[in-house]
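I opened my notebook to look up a few things in this structure. Short entries follow.

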Amino acid sequence: MMPKPRAWQKMLSGRRLDLLDPTPVDIEIADIAHGLAFVARWNGQTLGDYAYSVAEHSLLVEQIFGRIAPKAPPKWHLAALLHDAPEYVIGDMISPVKNAVGPGYEELDKRLTVAIHIRFGLPAAIPQSVKKQIKKADRVSAWMEATQIAGFEAGEADRFFGRPDPALMEGLTIRLRPPLETRGAYTARTAELLEHMG
């Protein structure tokens, strides 16, 4: 009889995270921040001296979310910051690849999201209205990334991501930083939001 394939990953914190059955106790913000700071968006096909990481993207999405929902409590800001957190172990796939892979990736993502939310005091499923606002912030960020560092013309980005309200982007820029700097910024912002939630 063949042994079951290993489904867990050893994390730098020492935790063993079971990808098929993740539990909140095996999730640490240090692991998430580190992983996301080293995962490149756009399959690494971006301009600049550093890859544009999922951690950097998440920080921008949380900022944009704050403009979309200025009265949102800290817990929804945290949900925005963690919106791509599962990618610290399953990586970031561009949408065409996700579509080709099928529902398996989405199922992994959902299970990890639930465990992550519970670990940090969020409901397993966030309200649909908040989810929509985070998705809108995500699309604004994607448009900015597409036009500033991923080689898209504005019209092309409009077709894929929708033309964003310029007020949501005012004064914001795409930042390309060394991974450890981004990891520090992500960790610090998480700690700040958790403190405000407490």
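**Entry 1: helix α2**

I checked the length of helix α2, residues 54-68, first. At 1.5 Å a residue, its 15 residues should span 21 Å, and I found its end C-alpha atoms 20 Å apart, which agrees. I note here that the model is predicted.

Next I asked how many of the 15 residues of α2 are buried. The count is 12, so the helix is largely enclosed by the rest of the structure. I listed the buried ones: V54, A55, E56, H57, S58, L59, L60, V61, E62, I64, F65 and I68.

What covers the buried residues of α2? I found that the cover includes α1 (29-37), α3 (74-81) and α4 (87-90). It also includes α7 (128-148), α9 (166-169) and α10 (179-197).

**Entry 2: S58**

I picked one residue of helix α2, S58. Is S58 buried or exposed? Its relative accessible area is 0%, under the 20% cut-off, so S58 is buried.

Then I looked up its contacts, leaving aside neighbours within four places in sequence. S58 touches A80, L81, H83, D84 and Y186.

**Entry 3: helix α7**

I repeated the length check on α7. Its 21 residues, at 1.5 Å each, should span 30 Å. The end C-alpha atoms are 30 Å apart, which agrees.

I wrote down the buried residues of α7: V130, I134, A137, D138, V140, S141, A142, W143, M144, E145 and A146. Their cover includes α2, α3, α8 (154-161) and α9. So I met α7 twice, because α7 is also among the elements that cover the buried residues of α2.

**Entry 4: salt bridges**

How many salt bridges does the structure hold? I noted 10. I followed some of them.

One joins the side chains of E145 and R41, at 2.8 Å from N to O. This pair links distant parts of the chain. E145 is in helix α7, R41 is in the loop between α1 and α2, and they are 104 residues apart. I found both E145 and R41 buried.

Another salt bridge joins E56 and R177, with the closest N and O atoms 2.8 Å apart. E56 lies in helix α2 and R177 in the loop between α9 and α10, so the pair ties together parts that are 121 residues apart in sequence. I checked how covered each partner is. E56 has 5% relative accessibility and counts as buried. R177 is buried too, with a relative accessible area of 12%.

I then turned to R189 and E62. Their salt bridge has its closest N and O atoms 2.8 Å apart. Which parts does this pair tie together? R189 lies in helix α10 and E62 in helix α2, so parts 127 residues apart in sequence are tied together. E62 counts as buried, at 4% relative accessibility.

I also noted a network. Salt bridges that share partners join R15, E28 and R119 into one.

**Entry 5: a patch on the surface**

Last, I looked at the surface. Which residues form a nonpolar patch there? I94, V97 and V101 do, with about 200 Å² of accessible area together.

I looked up I94 in particular. I94 lies in the loop between α4 and α5 (95-101). Its relative accessible area is 30%, so I94 is partly exposed.

Conventions
Residues numbered from 1 in each chain as written. Predicted model: local features only at pLDDT ≥ 70, side-chain atom pairs only at ≥ 80, totals over all residues. Heavy atoms only, no water. Helix = DSSP H or I, 4+ residues; strand = E, 2+ residues; numbered from the N terminus. Expected span 1.5 Å × (residues − 1). Buried < 20%, exposed > 50% of the residue type's maximum accessible area, 1.4 Å probe, protein only. Contact = heavy atoms within 4.5 Å. Patch = residues over 30% accessible without salt bridge, like charges linked within 9 Å, V, L, I, M, F, W, Y side chains within 5 Å. Areas by Shrake-Rupley, 256 points an atom, 1.4 Å probe, with all protein chains shown as cover. Salt bridge = Lys/Arg side-chain N within 4 Å of Asp/Glu carboxyl O.
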